[in-house]
Amino acid sequence: GISESLQGDLRLEHMGEQVLAFLASFLDAQVGAIYVVERNGHLRRMASFALSSLLDREQVVPGQGLLGQAVKDKRARHVRDVPAGYLNVHSSVGGAAPCELLLQPAVVDGAVHCVLELGFFKPVRPEFRELLDRVSETLAMATRASKDRTRMEELLQETQRQAEEQKHHRHGPRGRACIGEERHMAEDYAGQMQRSDVADDM
């Protein structure tokens, strides 16, 4: 089921591919895509299924087109009048356009984390919409967790990079010169203190 597709510490792209493969097979969808909501609010396509290579919607702004409007409204949409050229199917025998679409935002705690887009060659059954509605929160939580893991990894890598730069600065030629200057100043100060002590004794 869908829960098995979301198990483990999955990268967004891998998770998206597994979810799409399961849903396309289970719902008999002919084409699909899944978009993740980035920190700037834009949508980035992280996985697709049988999607025409001519479709260049790699990124979508909230409110833009059918997909962006579904995300902006935070509610599913069932489109029966599909615009020409929208979500075309690519196969070894040629291309075709779906006759109906399901757009399902995945929402948890009032925030959209990703959105599913599925195309069908035949009318969509009501239970398909119900299934997507039931799994959407689970998908949203899995997407949020994956994004959080990715962000933590990025922060860790940035911290490690900064630590390496500081280490290189300390032990590089300039760093060694600074350390040498500090040691030389300390030795001079110690010498001055010794000479002062001798003068006081005399």
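## A pocket to start with

Which helix gives the most to the lining of the largest pocket? In this predicted model, the answer is helix H4, which spans residues 126–171 and supplies 5 residues to that lining. The space inside the largest pocket comes to about 230 Å³.

Who else can you look for there? The residues lining the largest pocket are Leu-12, Val-37, Glu-38, Arg-39, Arg-44, Lys-147, Asp-148, Thr-150, Arg-151 and Glu-154. Sorted by character, the lining has 7 charged residues, 2 nonpolar ones and 1 polar one.

## The sheet

Now let your eye move to the strands. An open sheet is built from 6 strands, and reading across it gives the order S3-S2-S1-S8-S7-S4, with antiparallel pairing. Strand S3 (59–60) and strand S4 (77–79) stand at the edges with a single partner strand each, so one side of each has no neighbour in the sheet.

Strand S1 (residues 31–37) and strand S8 (residues 111–120) run antiparallel and are joined by 6 bridges. Two places help you follow this pairing in the structure. Tyr-35 stands opposite Val-115 in S8, while Val-31 has Gly-119 of S8 as its bridge partner.

## Helices on the sheet

Two helices are worth finding next. Helix H2 (residues 12–27) packs on the sheet and touches S1, strand S2 (43–49) and S8. The direction of H2 makes about 50 degrees with that of S2.

Helix H3 (residues 65–73) packs on the sheet too, touching S1, S2, S3, S4, strand S7 (100–108) and S8. Compared with the direction of S7, that of H3 makes an angle of about 35 degrees.

## A closer look at S8

Is S8 mostly covered or mostly open? Strand S8 is mostly covered, with 9 of its 10 residues buried.

Strand S8 also pairs with S7: the two run antiparallel and are joined by 9 bridges. Here Val-115 turns up again, since Pro-105 stands opposite this residue of S8. The strands S7 and S8 form a hairpin with 2 residues between them, and in this hairpin Asp-109 takes a positive phi near 55 degrees.

Terms used. Residues numbered from 1 in each chain as written. Predicted model: local features only at pLDDT ≥ 70, side-chain atom pairs only at ≥ 80, totals over all residues. Heavy atoms only, no water. 1 Å grid on protein atoms, 1.4 Å probe; cavity = no way out; pocket = protein on both sides within 12 Å on 5 of 7 lines; lining within 4 Å. Points joined across faces, edges and corners; volume = space filled by probe spheres on them. Helix = DSSP H or I, 4+ residues; strand = E, 2+ residues; numbered from the N terminus. Nonpolar A, V, L, I, M, F, W, Y, C, P; charged D, E, K, R; others polar. Pairing = 2+ DSSP bridges. Contact = heavy atoms within 4.5 Å. Axes fitted to C-alpha atoms, helices over the stretch in contact; angles between N-to-C directions. Buried < 20%, exposed > 50% of the residue type's maximum accessible area, 1.4 Å probe, protein only.
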